[in-house]
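Hi everyone, thanks for making time this morning. Please pull up the structure on your screens, and I'll talk you through a few packing details.

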Amino acid sequence: MKKTVALLLFGFVAGFVLNAQNPNLNYNKFKQLKEEWPTPNVYRTASGAPGHQYYQQKADYKMDIRIDDDTQRLYGTETITYHNQSPDVLTYLWLQLDQNMRAKDSDSHKIQSQELGDRVSFRQLMGMQDRFDGGFNIEYVKNAFDKDMTYIINKTMMRVNLDQPLNPGENVVFKVKWWYNINNRMVDRGRSGYEHFTEDGNNVYNIAQFFPRMAVYNDVEGWQHKQFLGSGEFALVFGDYEVNITVPSDHIVAATGTLQNPKEVLTATQRKRLAEARNSTDQPVIIATQEEAIEREKSKATDTKTWTFKAEMVRDFAFANSRKFIWDAMAVKQAGNTIMAMSAYTREGNPLWEQYSTRVVAHTINVYSRMTFDYPYPVAWSVDGNMGMEYPMICFNYGRPEKDGTYSERTKYGHIGVIIHEVGHNYFPMIVNSDERQWTWMDEGLNSFMDAVAGQEWDAEYLGWGARPAEITSYMMRDKDRLSPIMTNSESVMSLGPNAYTKPATGLYILRETIMGRELFDMAFREYAQRWMFKHPTPADFFRTMEDASGVDLDWFWRGWFYTTDHVDIAIEDVQWMQPNTKNPEVENALARAKQNEEPLYIGDQRFREMETMVKRDTATLDFYNSYDPLEVTVLDKMEYEKYLESLSPEEKAFLEKGYNVYSMKFSNVGGMVMPLILEFKFTDGTSEIERIPVEIWRRTNNEVSKYFVFEKEVEQIILDPLKETADTDRSNNYWPPKAEPTRFELFKGGSSRYYRGGGENPMQRMRRAKEMEKKQGDSKSGGKKE
């Protein structure tokens, strides 16, 4: 450490900022987002709230759906009542045909970038020639009087021309009939489809995007009819649903909404168990047991039953059916209402599903409701779909153990985590109904933030819930040409996962834990959720509400984190350790002499001093200066010091006597994203303290700032961002004195390093094997005798 003695003039002991102009600065990090955000109007206000003339459309559906389990085909008819609640006259309507993404001539196939390497699988090439045909087959579109209406299909969208203009405040009724082939989801992937179980010959159906759905018409987009290419999900209209689902009579059906005809489709025993579950708040009650499911798997009924569900004020509808389903449920009591948390799963999912699924559903509802609003729907389903996908009141989840019933920690927490995430989607975007087709991050990012909170409230000891700032750094520091700003359309985003899920979630974590604090953040986040529940928010509505409800200017954060690909890399460029000059000659001169004696003498000077120089040979050349000691303390020095002391106030004298240590620091913004300066000072006496400098220290220059800190104690080490709060991508420049952060690597002999950890076995299997080995060793030592 270098210690410099310098004269410092103190008034108040406070920080001092030195600004340096960055010639490479391409934008002002603190510029307000006036140009980027739409102008407030009567529909959406500058505060981020819905305006006094805000409107949204409504679409009600009555459907008859039939699943043919032999051909894996879905047949449907629907009657749509579309309510024009806008101020505009409409002459045509747009419907979404998302299933057409699976048509043989779908653009989703054509737009895939492909390269042919030296090795190509049969499946790759054969798939180009023999694609699954899963698009909609529209048989008719008729009006309320069963007369044909003209329509045109444009890929994943269908325009229906109205017989007469639809004026504001009016509604129109029309009917659609269709069918399509259900995809094998394990082969053709996708957000819905069926999974075939070869062992017992049965299917599990997870059915969604199965009907022509109304597109959104609003004040932002007009008709939102951007084609569905696969990444950007859905923009949907709220409405009421009545859906009849006809399936083989031995199937269990889980669906959006409330079952209307339990006496017709459930046994008396199942109805009794379901009634018990409505009063069970501490543990799930089994409605359809595993033993019953195994018997149904063998039955393969040829007759059918029709399950009827109703749902109010939902933006979509989905369902699942199978004879393989085990079903359990428990009650969540909330604001005088009873919500049924329920799960439908296969025996292949046990013991994980029976132990965790419904409990996790209930936990998620409780945490999310505390952070946003009370859950407004009567049910919340988690269904074993061997994937992760969400719809109103129902979601399809993954997580199955090995055949021996064991599972890895990753499988366990992956199962719990996906349920939290997909159930959480009931809040975002099923109720806070953002436009997924345009902005994936508005539901996935906010929900990923919330599922991390709920995950940590489930088990804080497990650190893999995501959204911790240190986990996003490897993505943030990628080359710029491999990154997209969060504010990029869903279909154009590079690396959709980190960009639309992890980065926005991490940003919200940083706001909550570091920039705003939990109280202000939670208050503003709840305000956004409650303002926009059952409405259609935009990014600006979210940004404006967070600022309006908290009183915190966050434009700098939205600009850097959401609108650019800047990353956080703030460096400690320089530290100067200084102490105030006491002007006491006996003290200062002694320090100067000690420093002088500590300084090494240049080797050339040493050699010259060994020579017989002129002044050594001829003493006549000596004078006063050859023996003068400038560090000798004289009477005059002491008098001048006394005079200096008399000029000081008692407070200034006391301060001078303390012998404070001053550390002048310079910071540079290497990554471009400004952040608060969080500094931990570790002192030589073993104590430490953290200083938090608000982000506004960068307000005038965005690339370099300086600040000094004053302590009575001597500093041994300084750490920038000691708790890894800001997603700083390079921690090697976060220390003074400089310190490298080592990483570890594993040495192994040939093959996979996992060889020495039992190959591909999970920890439960390994521990089971270890106990068996211990038992064998114990038996051999005792000669096989038992005491």
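Let's start at F542. Leaving aside residues up to four places away in sequence, F542 touches W441, M442, L446, L508, F525, Y528 and W558. Keep in mind as we go that this is a predicted model.

Where does F542 sit in the wider picture? F542 belongs to the largest nonpolar core, which has 189 residues. The residues with the most contacts inside that core are M214, F542, W558 and W561. As for who contributes, the largest share of this core comes from helix 7, residues 352-371, with nine residues.

Now follow W558 over to helix 14, which covers residues 555-562. Is helix 14 mostly covered or mostly open? Mostly covered: eight of its eight residues are buried. By name, those are D555, W556, F557, W558, R559, G560, W561 and F562, so you'll find D555 and R559 on the buried list along with the aromatic residues.

What do those buried residues pack against? Their partners are helix 9 (441-458), helix 10 (473-476), helix 11 (496-515) and helix 13 (539-550).

Let me zoom in on one of these pairs. In general, two packed helices are described by the angle between their axes and the distance between the axes. For helix 11 and helix 14, the angle is about 150 degrees and the axes are 11 Å apart. Because of that angle, helix 11 is roughly antiparallel to helix 14. The crossing of this pair is right-handed. If you want to click on the residues, helix 11 brings K503, P504, T506, G507, I510, L511 and I515, and these meet W556, F557, W558, W561 and F562 in helix 14. Sorted by type, the residues of this contact are nine nonpolar, two polar and one charged.

The second pair is helix 9 with helix 12, residues 518-532. Here the axes come within 14 Å and cross at roughly 140 degrees, which means helix 9 is oblique to helix 12. This crossing is left-handed. Helix 9 supplies M442, L446, F449 and M450, while helix 12 supplies F521, F525 and Y528. The split by type is seven nonpolar, no polar and no charged.

And that takes us back to where we began: M442, L446, F525 and Y528, which take part in the contact between helix 9 and helix 12, are among the residues that F542 touches. Happy to rotate the view if anyone wants another look.

Conventions: Residues numbered from 1 in each chain as written. Predicted model: local features only at pLDDT ≥ 70, side-chain atom pairs only at ≥ 80, totals over all residues. Heavy atoms only, no water. Core = buried A, V, L, I, M, F, W, Y, C linked by side-chain atoms within 4.5 Å. Buried < 20%, exposed > 50% of the residue type's maximum accessible area, 1.4 Å probe, protein only. Helix = DSSP H or I, 4+ residues; strand = E, 2+ residues; numbered from the N terminus. Contact = heavy atoms within 4.5 Å. Axes fitted to C-alpha atoms, helices over the stretch in contact; angles between N-to-C directions. Parallel < 35°, antiparallel > 145°, perpendicular 65-115°, else oblique. Left-handed = near helix turned anticlockwise from the far one by under 90°. Nonpolar A, V, L, I, M, F, W, Y, C, P; charged D, E, K, R; others polar.
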